[in-house]
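Let's take a walk through this structure together, from a single side chain out to the sheets and cores. Have the sequence and the 3D view open as you read.

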Amino acid sequence: MSAAIRITQVSKCFGSVRALDQVDLEVQRGEFFGLLGPNGAGKTTLISALAGLVRADSGSLNVMGHDVQLDYRAARRLLGVVPQELVFDPFFTVRESLKIQSGYFGIRDNDEWIDEILENLGLTSKANANMRMLSGGMKRRVLVAQALVHRPPVIVLDEPTAGVDVELRQTLWAFIRRLNEAGHTIVLTTHYLEEAENLCNRIAMLKAGRVVALDTTAQLLRRFSTHCLRLRTDGAMPAELAADAAQNGGWWSLPFDAFDQVEPMLAKIRAAGCRIDDLEIGKPDLEEVFVRVMQGQHEGQVS
Amino acid sequence: MGHGFSTLFYKEVLRFWKVASQTVGAPVLTALLYLLIFSHVLAGHVQVHGVIYTAFLIPGLVMMSVLQNAFANSSSSLIQSKVTGNIVFVLLPPISYLEFYLAYVLASVVRGLVVGAGVLLATFWFAPLDFVEPWWILVFALMGGAILGSLGVIAGIWADKFDQLAAFQNFLIMPLTFLSGVFYSVHSLPPFWQQVSHWNPVFYMIDGFRHGFFGVSDASPWLSLAVVGSCLALLTVFTLNLLKRGYKLRA
């Protein structure tokens, strides 16, 4: 069975800017995949190349085994893309937009599915409103709906929650999760790392057009981030512990791998006579992984 | 042609029909004003091919409206979609470049014909019109509309901003349509300008169209058909090639 997405040695230049540099990436069917990276890393270019909006200079891109250039009809039918820009056609109502979009994909009489999407995205009451009358969040929902009219098995969302309120975020993710559970492959780009951490089972990080990290979310967290004990003390710290610790203001961060190491650490601090003013335990988080990967400390560790 | 094509065509027609007062009403009114002013000034003084001036003028105005509105339809739709970004809705689905071309051009032809019919309805009370060879009327209206619709596709894709599109319209389309014998017979021009006019393809569109009404024209309708047909074929090939390469649409 072919992968949901297979990207092989894809490069793309815009003038002298190398937007994508020999990117290799494979997303399996049924995955919830995160594509992370700072602005300008090439995420949107990669998605655009996959969607046929941008033509790669070299390499190939496949959706469910169909080349996006040579076999574009099949590839596009299998792919649903939610663009990053908040775009809409001011001439039409929500329902008209969705019916027209269905037609572009060769689908007639799509009302039942359109109703279901509208319901799931909380758009039912706006179905007959003109696109111009909708708030930004509502327009964003319609963009998601438009990407789903043809029931694509592979769904790509390019920063779908940028500038979106909490309620929509929750509605959206609940819906996308259901689609994922129903077998749809999801690819997501976002700057909210917490979102990626909660949702994605695998993550790729892009930097300057190259994949600099690729692993399951759990592995990435384990490799690049640890639990840590954070303490605010009266300033002192036993030399033995200070060697591994980072100090930031009055706070010390002491990394540890397993919880049974916490007690001995605290004992050492007590034995040294240091006063503890505040204490918290930090979990490994993707933000730390992201920062460390982007600082290039782990370049070449692509697995 | 699949359902994707017919949907895009339908959407393009619906788009202009939803704002028909601007896209149909306004050009009909403009043509009517031209008729009132020119016929007031010139009727009684001028006869062309033995036809009274007002009657001569009407087919010219109808055809000019067909052409200008066919151009306006595809060009304005594309530039708006590009500037607002909603062009992605058309680029993401499995629509071939041929379907894309035909949908935009045919919708332009429809807009041209609707406006042309509107101008005819609004003006034909003013002078007796014949419809001597109606098939010429239809052929030239369709082909002229398709040519300007294609030019509109080219301009809409090429222009990045509205002022570039306006330049295309003001410096190319307007002079070509105004200097094509809409308001006069080119035989009334000095020889030099007659020669110049014969290099203007729009002249043949209007001349052939007018032939359908009166059975007389400056050039033979068969010559006009050959010129207009060649132009359409050339532009179609050129535009299809642009679309196939994804010029300015697919980077």
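Is Arg15(B) buried or exposed? Please keep in mind that this is a predicted model. With a relative accessible area of 5%, Arg15(B) is buried, because buried means under 20%.

**Around Arg15(B)**

You will find Arg15(B) in helix 1 of chain B, which spans residues 3-18. Setting aside residues up to four places away in sequence, Arg15(B) touches Phe91(A) and Phe92(A) from chain A, together with Asn73(B), Ser76(B), Ser77(B), Gln80(B) and Arg111(B) from chain B. Asn73(B) also offers its backbone oxygen, which lies 3.3 Å from a polar atom of the Arg15(B) side chain.

**The open sheet of chain A**

Now turn to chain A, where six strands make an open sheet with mixed pairing, in the order 6-7-8-3-9-10. Strand 6 (79-82) and strand 10 (210-216) of chain A are at the edges with a single partner strand each, so one side of each has no neighbour in the sheet. On average, and ignoring direction, neighbouring strands of this sheet are turned by 15 degrees against each other. Helix 5 of chain A (residues 136-148) packs on the sheet, where it touches strand 6 and strand 7 (154-158) of chain A. The direction of helix 5 makes about 170 degrees with that of strand 6 of chain A.

Strand 3 of chain A deserves a closer look: five of its five residues are buried. Phe32(A), Gly34(A) and Leu36(A) point one way from this strand, while Phe33(A) and Leu35(A) point the other way. Strand 3 (residues 32-36) pairs in the parallel sense with strand 9 (residues 202-207) of chain A over four bridges, and it pairs in the parallel sense with strand 8 (residues 185-189) of chain A, also over four bridges.

**Strand 11 of chain A**

Strand 11 of chain A (residues 227-233) is mostly covered, with five of its seven residues buried. Six bridges join strand 11 to strand 13 (residues 251-256) of chain A, and the two run antiparallel. Another partner is strand 14 (residues 276-282) of chain A, joined to strand 11 by six bridges and likewise antiparallel.

Here are some of the residue pairs that face each other across these strands:

| Residue | Opposite residue | Strand of the opposite residue |
|---|---|---|
| Leu36(A) | Met205(A) | strand 9 of chain A |
| Phe33(A) | Arg202(A) | strand 9 of chain A |
| Leu35(A) | Thr189(A) | strand 8 of chain A |
| Leu231(A) | Trp252(A) | strand 13 of chain A |
| Arg232(A) | Asp278(A) | strand 14 of chain A |

**The nonpolar cores**

How many residues does the largest nonpolar core have? It has 166 residues, and those with the most contacts inside it are Leu25(A), Val63(A), Met205(A), Leu286(A), Phe100(B) and Leu148(B). Helix 3 of chain B supplies the largest share of this core, 15 residues. Beyond its neighbours within four places in sequence, Met205(A) is in contact with residues including Leu36(A), Val212(A), Leu220(A), Leu286(A) and Phe290(A). A second, separate core has twelve residues, among them Trp252(A), Leu254(A), Val262(A) and Cys274(A).

**A bent helix in chain B**

Finally, look at helix 7 of chain B (residues 162-178), which bends by about 30 degrees at Gln169(B). Buried residues in helix 7 of chain B are Leu165(B), Phe168(B), Ile173(B) and Thr177(B). Their cover includes helix 3 (53-84), helix 6 (134-158) and helix 9 (201-214) of chain B.

Notes. Residues numbered from 1 in each chain as written. Chains lettered and ligands numbered in written order. Predicted model: local features only at pLDDT ≥ 70, side-chain atom pairs only at ≥ 80, totals over all residues. Heavy atoms only, no water. Pairing = 2+ DSSP bridges. Axes fitted to C-alpha atoms, helices over the stretch in contact; angles between N-to-C directions. Contact = heavy atoms within 4.5 Å. Bend = angle between axes of the 7 residues up to and from the residue. Buried < 20%, exposed > 50% of the residue type's maximum accessible area, 1.4 Å probe, protein only. Core = buried A, V, L, I, M, F, W, Y, C linked by side-chain atoms within 4.5 Å. Polar contact = N/O pair within 3.5 Å; in protein donor to acceptor, adjacent residues only side chain to side chain.
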